[in-house]
Amino acid sequence: MKIGIDKIAFHVPNYYLDMTDLALARGVDPNKFHIGLGQDQMAMLPFTQDIITLGACAAEKILTDEDKNKIDMVIVGTESSNDFSKSAAVIIHHLLNIQPYARSFEIKQACYSGTVALQQARDYIAAHPDRKVLVIAADIAKYGLNSGGEPTQGCGAVAMLVSSQPKILALNNDSVFYSEDVYDFWRPSGHDYPLVDGHLSNEIYIDSFLKVWEENKKVNKKNSQDYAALTFHLPYTKMGRKALRGLYPTISEEEAKRLEQKYDEAITYSRRVGNLYTGSLYLGLISLLENSSLTAGDQVGLFSYGSGSVSEFFSAEVMPGFENHLVKKEHSALLDKRTQLSIPEYEEMFSKKIPTDGKQYLFDDKSHFAIRGIDHDIRIYNN
Ligand code: CAA
């Protein structure tokens, strides 16, 4: 039985900042951001939207009423939760009107949690092949104005419907993992932004990739030729490229060229969005599926990395006719119709927060699932 991604879509908010504007405002050569980090634009979120808004909007693009009646689990992977107790999944389950006898929960391990959610979904469907699982990977990457991580911010969500008749990708059940207790990026309670040792995080990312790659070779007896493409967690698009280049001493020049071309096709969307933390790998996967020439039976390798750190390498097989089940036009329209922010607009949007004084407020964001108000610290969403 094949189990995997039946449908997949992403959502990003309606605003972005151009990286040239950010570079000039911070007194940096724009090439550092465009070439050095590989980022052209950065998605920005108004305070009236959050991971629930993003996740619900992404899922709504792909779910039919029939799907909603078959979903047994809603899993949200995130490190940008609004609440230490109540999960975003319960609210998304409600906003999407999914059948009530479902399990809804949220999971965390930095940017790795979307992958855990996907693999848990796979395991559940193995035991319940006639049911479906909704997986959402949603995050808001914020490091602070004028911080070292500022050019690597972003936000968005990816929604995936997992079933036993996957129309897009079948998961191969070949994961290899690696855990290492390290402080490269973490956000202790009480901190609005993460604490990050940026250069250490780059090193651990690359080292973790090379470790799971070697483990995959050992356990699954696979080499680079077995994959039509390799996709990576993309905190900024140069990061995965640096890890990919770690393989070059062991592969031919021709093979390196082939993989790098696929890599370029997989980062098209991320260059315009920035970091989605746990959704980043899957935004890259969507970009590859929608902008590359894959054929049925092709194998795609996926490297998932969550600081702290946990990594996983696994693979998926491209399904026949997958291209007919993508929502490429909606994705292109979503990216193209966004409003560009000036630096003062960005800084104002960045700094505005939902009030936490328990009083009642009404807001004026009419967009789908946006927060229309707050009362006694309960966010009220448009639906
Ligand atoms: N033209 C072209 N390239 C230039 C340039 C110019 N004028 N100026 C600098 N560059 C290049 C540098 O050579 C460098 O390239 P390499 O990495 O290939 O050597 C690149 O631009 C970045 O330069 P620096 O290393 O000097 O940049 P920095 O000190 O500002 O730090 C950063 C960059 C560490 C990524 C920082 O933005 C940061 O801390 N970001 C947040 C942490 C992060 O994203 N870590 C990634 C791994 S952890 C992870 O993956 C989990 C997660 O999602 C957070």
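In the predicted model, a polar side-chain atom of Lys238 is placed 2.8 Å from an oxygen atom of the ligand. A second lysine, Lys32, also makes a polar approach through its side chain, with an N or O atom 2.8 Å from a ligand oxygen atom. At Gly148 the backbone takes this role: one of its N or O atoms lies 3.0 Å from an oxygen atom of the ligand. Of the 1100 Å² that the ligand exposes when taken alone, the protein buries 73%.

The ligand occupies the second largest pocket of the protein. Three elements each give two or more residues to the surrounding shell, namely α2 (30-37), α7 (198-220) and α8 (237-245). The largest share is that of α7, which supplies five residues.

In total, 27 residues surround the ligand, and the closest are Lys32, Ser201, His233, Lys238 and Lys242. Lys32 and Lys238 thus appear both among these closest residues and in the polar approaches described above, Lys32 at 2.8 Å and Lys238 at 2.8 Å. Classified by residue type, the shell comprises 11 nonpolar, 12 polar and four charged residues.

Both domains take part in forming the ligand environment: domain 1 (3-168 + 326-381) and domain 2 (171-321) each contribute at least three residues to the shell.

Technical notes:
Residues numbered from 1 in each chain as written. Predicted model: local features only at pLDDT ≥ 70, side-chain atom pairs only at ≥ 80, totals over all residues. Heavy atoms only, no water. Near = heavy atom within 4 Å. Polar contact = N/O pair within 3.5 Å; in protein donor to acceptor, adjacent residues only side chain to side chain. Areas by Shrake-Rupley, 256 points an atom, 1.4 Å probe, with all protein chains shown as cover. 1 Å grid on protein atoms, 1.4 Å probe; cavity = no way out; pocket = protein on both sides within 12 Å on 5 of 7 lines; lining within 4 Å. Sits in = over half its atoms within 2 Å of the grid points. Helix = DSSP H or I, 4+ residues; strand = E, 2+ residues; numbered from the N terminus. Nonpolar A, V, L, I, M, F, W, Y, C, P; charged D, E, K, R; others polar. Domains from an automatic or database assignment.
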